[in-house]
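This report describes one protein model, starting from a single residue and moving out to the whole chain.

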Amino acid sequence: MGKVTDTPQWHTLEQAAQQVRRTHMRDIAADPGRGRTVASGAGLHLDWSRQRVSAEVLAGLLELARACGLHQRVEAMFTGERINATEKRAVLHTALRAAPGKHVIVDGVDCVALASATRAAMATFTDAVLSGAARGCTGAQFTDVVNIGIGGSDLGPVMVAEALRDQVTGLRPHFISNIDPTDAFETLRGLNPETTLVLIASKTFTTAETMANARLVRQWLVDGLPAASDVGQHLVALSTAVGLASDFGVLPERVFGFWDWVGGRYSVASAIGLSVMLAVGVDTFEELLAGMRAMDEHFLAAPSGENLPVLMGLLGVWNRDFLDIPTRAVLPYEQYLHRLPAYLQQLTMESNGKSVGLDGTPVTVQTAPILWGEPGTNGQHSFHQLIHQGTQAVACDVIVFARSRHDAAGQHLTLLANALAQAQVMALGRSATELAEAGVAADLIAHKVMPGNRPCTLISAPMLTAHALGALIALYEHATFVEGVIWGINSFDQWGVEYGKEVATALVPLLQGDRAAADVPEFTQASVELLRSMQ
């Protein structure tokens, strides 16, 4: 297939978009049956009734998906074809949570069996730590776990640990990611080396930020333990580099690996999730994976018009390319999901922030929107003003749960009322006529008009459980993939991340005073000299 923009399905949608732009969401919402635009799967409900999409547009989007071979691409991913073409790798985060008895063979290796074996080893280790069979070097039982990682080795575990905070029955989880030493010093403040377990999450065991922090924390352990030789009892490596981990002092039996068919931003169900397992226990971690698996199975089996990831991905393409909406806000009305927007920023923008197609030529579409967000109702008192009355439309995902784990005097109902109210105002706005009929002074009407037409998807579930969280994670993973298929890009490489690291490594000697260390632009040299003068 050539460029997606050359297909008749794309041209049909462009024509439909011209009509939609002339139609207000109030008119679209008046269509009979608009309140029944809800798809369900894996315990989640996707309500797209507030999207600027008619039945005809939805049919056109589904036709576009067929023209782009979406079904075949999904099958290729789940069966282990090397769809990450630039790195010649399979993409099998789904194998991490596949049901027992499933088999995905890549190069003669059963990836599901490999993942299951690693998870069983993680569970054995977790049970030993939580039961007190595995202790620190002084015989004290572990009370805290510190995960050192960055990117997917941090954002996924942090988000999940925060989302399941009220279900922490094991070790208290802590996370260090930023190479700024303040992150490590503040995280370690108040922790006891004798009762702290440290996980170093780096596939290659060479990630610059992670290893710098690992050395800092290792020294903290050395300083706080009876002998330097005891440090190994407090270290775990989440890595494939057993030799390098051993050289660092990690015992070989405490190295838990993962594979090149697991991208960092998709890795929380792998060994990278060990900090979560140590915090919430094996059973709750397995419940998380069961939610992911349920969404995987729904993605594979549900008809496209009822398929949550397919619908969500196609709506993302419609808003970005046909309605020209450059940003997307994720608004979880659930405090436990306060780290979800940051997690999704990496998932979506690292995956689809691409300007070159699979064939190496420039894309002819707009790809990933800028994603941002904050929990409700906090966002309502900051950036919702821009959403409602700013000069650019923002597409929004509002995430709600029917029940709270901590209701107080019906306060959760107030939260739900706010979520539904915001979604309604985003879609419908408030017209000058409505304001006049409400008796608003004439000189204030223009200031109080809200244009609406802010597309909004409402995602809901009965309660935030580990299962619901897993399904939500997999929903966004697969919707991101759907978008990438339509745009004709590789959602699974991240070359834009790599080059900046190379340049930073070259600049360190220059900052140390070696003027010949790097050939840099004049402005970088000037900045180095200014910073050195202030040191």
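## A buried histidine and its surroundings

In this predicted model, His93 counts as buried because its relative accessibility is 2%, under the 20% cut-off. His93 lies in a loop, the one between helix H4 (70-78) and strand S3 (105-106). Leaving out residues up to four places away in sequence, His93 touches Met77, Trp261, Tyr266, Glu477, His478 and Phe492.

One of these partners, Glu477, also leads to Leu344: the C-alpha atoms of Leu344 and Glu477 are separated by 8.9 Å, although the two residues are 133 residues apart along the chain. Leu344 belongs to helix H13 (residues 340-352). With a relative accessible area of 0%, Leu344 is buried as well. Its contacts, again without residues up to four places away in sequence, are Val330, Met349, Leu371 and Tyr476.

The two buried residues are listed here by place and accessibility.

| Residue | Place | Relative accessible area |
|---|---|---|
| His93 | loop between H4 (70-78) and S3 (105-106) | 2% |
| Leu344 | helix H13 (residues 340-352) | 0% |

## Nonpolar cores

The largest nonpolar core has 121 residues, and Trp318 and Leu469 have the most contacts inside it. Helix H18 (residues 466-487) gives the most to this core, with 15 residues. Leu469 is in contact with Met159, Val160, Ala163, Leu164, Leu288, Leu337 and Leu464, when neighbours within four places in sequence are set aside. A second core, separate from this one, has 24 residues; Ile148, Leu191, Phe205 and Ala245 are among them.

## The whole protein

The secondary structure consists of 20 helices and 13 strands. Of the 535 residues, 55% are buried. Among contacts with a separation of 6 or more, 76% join residues 24 or more positions apart.

What radius of gyration does the protein have, and what would a compact globule have? The value for the protein is 25 Å, and a compact globule with 535 residues would have one near 24 Å, so the two agree. Along the principal axes, the C-alpha atoms fill a box of roughly 75 × 60 × 55 Å.

The exposed surface comes to about 22,700 Å², of which carbon and sulfur atoms supply 54%. The protein has 38 positive and 53 negative charges, and the mean positions of these two sets are 3 Å apart.

Note on methods: Residues numbered from 1 in each chain as written. Predicted model: local features only at pLDDT ≥ 70, side-chain atom pairs only at ≥ 80, totals over all residues. Heavy atoms only, no water. Helix = DSSP H or I, 4+ residues; strand = E, 2+ residues; numbered from the N terminus. Rg over C-alpha atoms; globule rule 2.2 N^0.38 Å. Buried < 20%, exposed > 50% of the residue type's maximum accessible area, 1.4 Å probe, protein only. Contact = heavy atoms within 4.5 Å. Areas by Shrake-Rupley, 256 points an atom, 1.4 Å probe, with all protein chains shown as cover. Lys, Arg positive; Asp, Glu negative; His and termini not counted. Charge placed at Lys NZ, Arg CZ, Asp CG, Glu CD. Core = buried A, V, L, I, M, F, W, Y, C linked by side-chain atoms within 4.5 Å.
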